[in-house]
Amino acid sequence: MSRLFYLETFGCQMNVVDSERIVDLLQELGYCQVETPETADLILLNTCSVRAKAERKVYGHLGRFKPLKDARPDLILGVGGCVAQQEGEKMLAQVPYLDLVFGTHNIHALPELVLNAEQKRQRGAATELLDRETRLRLFPQRSSGESVTRFVTVMQGCDNFCSYCIVPHVRGREVSRPSGEILTEIRSLAEQGVREVTLLGQNVNSYGLKEDGERSFAALLGEVQKVDGIERIRFTTSHPKDLSNELIDCFSHLDKLCHHLHLPVQCGSDRILEAMNRGYTAKEYLAKVGRLREACPDIRLTTDIIVGFPGEGEDEFRQTLDLVGEVGYADAFTFLYSARPGTAAAELPDTVDAEDKQHRFERLVELQTANNEATWAADVGSAYEVLVEGESRQGDGQLFGRTTWNRIVNFSGPASLVGRTVAVKITRNFRNSQLGELA
Ligand code: SAH
Ligand code: SF4
Ligand code: F3S
């Protein structure tokens, strides 16, 4: 009988892609995935440490599994991802019932760690950051394309060291995968029925900048545009400082490129942006937004914003509100600043009063909720192209797909439409999705 594993994934799309690789490796070892931890022989958490709350969650979850481990000492418990990378081997000392720890560059070491735990009851950790050549060799890629949409990792790591951010510390330096390899993967996915690809990287638009003779990111998009079968292209996440004019122009001349861009601004005050080490001013950011809208008048923008960075005063916060009002984002992820050990900002005195921070956060959410509503409710009554991705989880003949602006639309229709692009009239708007009917 095959052994069972349970895997929980936290954090960003990088971790989601890494988890796909983890599933593949464990299946090769003869493990089958289960949806609940109770019957599993192996429990893994793929973790995120971007904010303190995310990190605390990991220890909370491990505590939840302790009774299972007490009842079945043979159960193997492991932690991977960004918390594992940050804490390393010392996690084994901290959590006595933990069997294995693997870092962000060490997914390939997982089978050996699991076998050691299984056969020799040996606890182990593999968390060293690897050199460029090894990482390029181990780059995550998937040859199987059983879904309509797929993420394709084109670069990994980050060299920006925004002063608040743990990511460069836990993901290592930037490496870009050779564009030839990326295109081969995308062509193979297209042959298997994939219709939409999202090029993925921590800082995706700095793709290739540090590799001699490599294509620019815009040129890479131009090549993906030529792949038969691919109907839609997206990419995430972009850094405003690396948003070149060449890339902006892609939105006007690549017809497969979707009309949505996630462009994290973080803050509207130049003084705070500088303290964050973001490499642009509010004015420069707004100028790029202006150029994007010239190139693609119906483009919708989403963003990330941090409230309560050390030293943020009421004036600086108002500048953030002003910028958010001016851009008119379709959606925004808003975060309360969280000091991360080892980052530059963690050394700054945290002067913002907790209550003030909370109040600012609520004001920002209120403004953005109104922007969201204004953007998405206006779609009601009109028909838009939707690439049908699958049947809704609820069953009942409901299909789902997305518009060019990356919003989920649910509607009734036959399963034969999956993989096709159809016109759907939007009938209702919800906080995170829309309801429609075939037009
Ligand atoms: N590479 C991407 C994603 C980074 S993490 C980018 O540059 O946009 C996603 C978001 O988490 C960031 O955009 C930022 O808004 C938020 N974030 C990162 N570190 C944070 C911290 N210490 N406190 C609060 N929010 C943080
Ligand atoms: Fe973090 Fe900045 Fe890199 Fe994004 S660009 S991952 S916010 S350091
Ligand atoms: Fe979190 Fe690591 Fe992603 S810290 S946001 S899972 S890169």
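This passage describes a three-stranded sheet, a pair of packed helices and the surroundings of a ligand in a predicted model.

The sheet is a good place to begin. Strands 7, 10 and 11 form an open sheet in the order 7-10-11, with parallel pairing. Strand 7 (149–153) and strand 11 (232–236) occupy the edges and have a single partner strand each, so one side of each lacks a neighbour in the sheet. From one strand to the next, the twist averages 25°. Five bridges join strand 7 to strand 10 (residues 196–200) in the parallel sense, and F151 is found opposite T198 in strand 10. Helix 8 (residues 179–191) packs on this sheet, where it touches strand 7 and strand 10. The direction of helix 8 makes about 165° with that of strand 7.

Turning to the helices, helix 9 (residues 217–225) packs with helix 10 (residues 245–253) at an angle of about 25°, and their axes are 8 Å apart. Since angles under 35 degrees count as roughly parallel, helix 9 and helix 10 are therefore roughly parallel to each other. Helix 9 contributes F217, A218, A219 and L221 to the contact, while helix 10 contributes E246, L247 and C250. By class, the residues of this contact comprise six nonpolar, no polar and one charged.

Finally, the ligand site deserves a look. Ligand 2 is surrounded by C158, N160, F161, C162, Y164, C165, V167 and P168, together with Q202, H239 and R278. Seven residues of this shell around ligand 2 are nonpolar, three are polar and one is charged.

Notes:
Residues numbered from 1 in each chain as written. Chains lettered and ligands numbered in written order. Predicted model: local features only at pLDDT ≥ 70, side-chain atom pairs only at ≥ 80, totals over all residues. Heavy atoms only, no water. Pairing = 2+ DSSP bridges. Helix = DSSP H or I, 4+ residues; strand = E, 2+ residues; numbered from the N terminus. Axes fitted to C-alpha atoms, helices over the stretch in contact; angles between N-to-C directions. Contact = heavy atoms within 4.5 Å. Near = heavy atom within 4 Å. Nonpolar A, V, L, I, M, F, W, Y, C, P; charged D, E, K, R; others polar. Parallel < 35°, antiparallel > 145°, perpendicular 65-115°, else oblique.
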